[in-house]
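Colleague: Got a minute to go through this one with me? I'd like to talk about rings and helix packing.

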Amino acid sequence: MKMKLLTRVSGIGCLLLLLTLSGRAQNASVQTVQLQSKLVNATLPYNVILPPDYRTSTVTRYPVLYLLHGFSGHYTDWVTKTNVAEYAAQYRLIVVMPEGNNGWYTDSVSAATDKYESYILTELIPDVQRRYRTIESRYGRGIAGLSMGGYGALKLGLKSPGTFAFAGSMSGVLAVPNWADADFQNLKSIRDSVFSTFGPPASEARKANDIYKIVRGLTAARVASMPYIYLDCGTEDFLVSDNNQFAALLREKKIPHEFRELPGDHSWPYWDRQVKEVLQLAAEKLRAAKLSKKISRG
């Protein structure tokens, strides 16, 4: 009797182990790539989330979402501070999280090697395309981010519409090129980075990277070429007014977009909730198939 019970328990244990391993096999995998940037003259690592069927579907090509971190953050933030890998596992979508330091995803006017906009467009994207099976057209490419990264994502989407079909911002610092000294109370590190990147108020670099100005200057023909834009902001976030103003401008110019004003502040619990929504919308706009719980091995 004891032997039969032990055999049954052992069988159940094996079944549970198989189910556990099967579940793990269906998880997305995270890789880290060390990319030597000639533009920035430094190694800029990036994390990559690969969909669960990437290894088994050896000829499938996947759309890519570039996901940008915020000020004082790094490329590891999304994986360590949110459940983005778990959320991304639902889609046939590659997620790339690059290192942007505090460079505002912009080519600096004062530091010759701080060329974070050019880095993404001319070094990062080509490197991802060489290493992974990606869809190499704008229809298979999106970009999103939080805070500083939200600004960077929308700016890159607006300035390079031939590169991205989707651009998303969570709690974006959208008006940062317009900030003057009075806007930086108790924010010395941000002030220093903004003046270093964009130069003094009213500089040509500030005008060229002002996304409000970019949108106001769009012709009807140019509007038709814009990526689909998503933005959200928490009702308790100090940036909510700027986000509302930008959404109003998008409506005025009839640029396809979605704006959500939601309960929350400028914090990781808010971004963990919203990155799930961004992934769903990006997958829809980039036509990334949703995966069932069981991954087909055929």
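Colleague: Is Tyr54 buried or exposed, and what is its relative accessible area?

Modeller: Keep in mind that this is a predicted model. The cut-off for buried is under 20% relative accessible area. Tyr54 falls below that, so it counts as buried, with a relative accessible area of 4%.

Colleague: Which residue does Tyr54 form an aromatic pair with?

Modeller: The count comes to 10 aromatic pairs. In one of them, the ring centres are 5.4 Å apart and the planes make 40°, which is tilted. The partner is buried too, with a relative accessible area of 0%. Tyr54 pairs with Tyr62.

Colleague: And how are the rings of Trp179 and Phe184 arranged?

Modeller: Both Trp179 and Phe184 are buried. Planes over 60 degrees apart count as edge-to-face. Here the centres sit 5.4 Å apart and the planes are at 70°, so the Trp179 and Phe184 pair is edge-to-face.

Colleague: Which residue lies over the face of Tyr228?

Modeller: There are two charge-over-ring cases to look at. Arg191 lies over the face of Phe195, 3.9 Å from the ring centre. For Tyr228, the distance to the ring centre is 4.0 Å, and the residue is Lys285.

Colleague: How are helix 4 and helix 5 oriented to each other?

Modeller: Helix 4 covers residues 116-131 and helix 5 residues 148-159, with axes 12 Å apart. Glu117, Ile120 and Leu121 in helix 4 meet Lys155, Leu156 and Lys159 in helix 5. The crossing of helix 4 and helix 5 is right-handed. They pack at about 60°, so helix 4 and helix 5 are oblique.

Note on methods. Residues numbered from 1 in each chain as written. Predicted model: local features only at pLDDT ≥ 70, side-chain atom pairs only at ≥ 80, totals over all residues. Heavy atoms only, no water. Phe/Tyr/Trp six-rings, centres within 6.5 Å; stacked < 30°, edge-to-face > 60°. Buried < 20%, exposed > 50% of the residue type's maximum accessible area, 1.4 Å probe, protein only. Lys NZ or Arg CZ within 6 Å of the ring centre and 35° of its normal. Axes fitted to C-alpha atoms, helices over the stretch in contact; angles between N-to-C directions. Helix = DSSP H or I, 4+ residues; strand = E, 2+ residues; numbered from the N terminus. Parallel < 35°, antiparallel > 145°, perpendicular 65-115°, else oblique. Left-handed = near helix turned anticlockwise from the far one by under 90°. Contact = heavy atoms within 4.5 Å.
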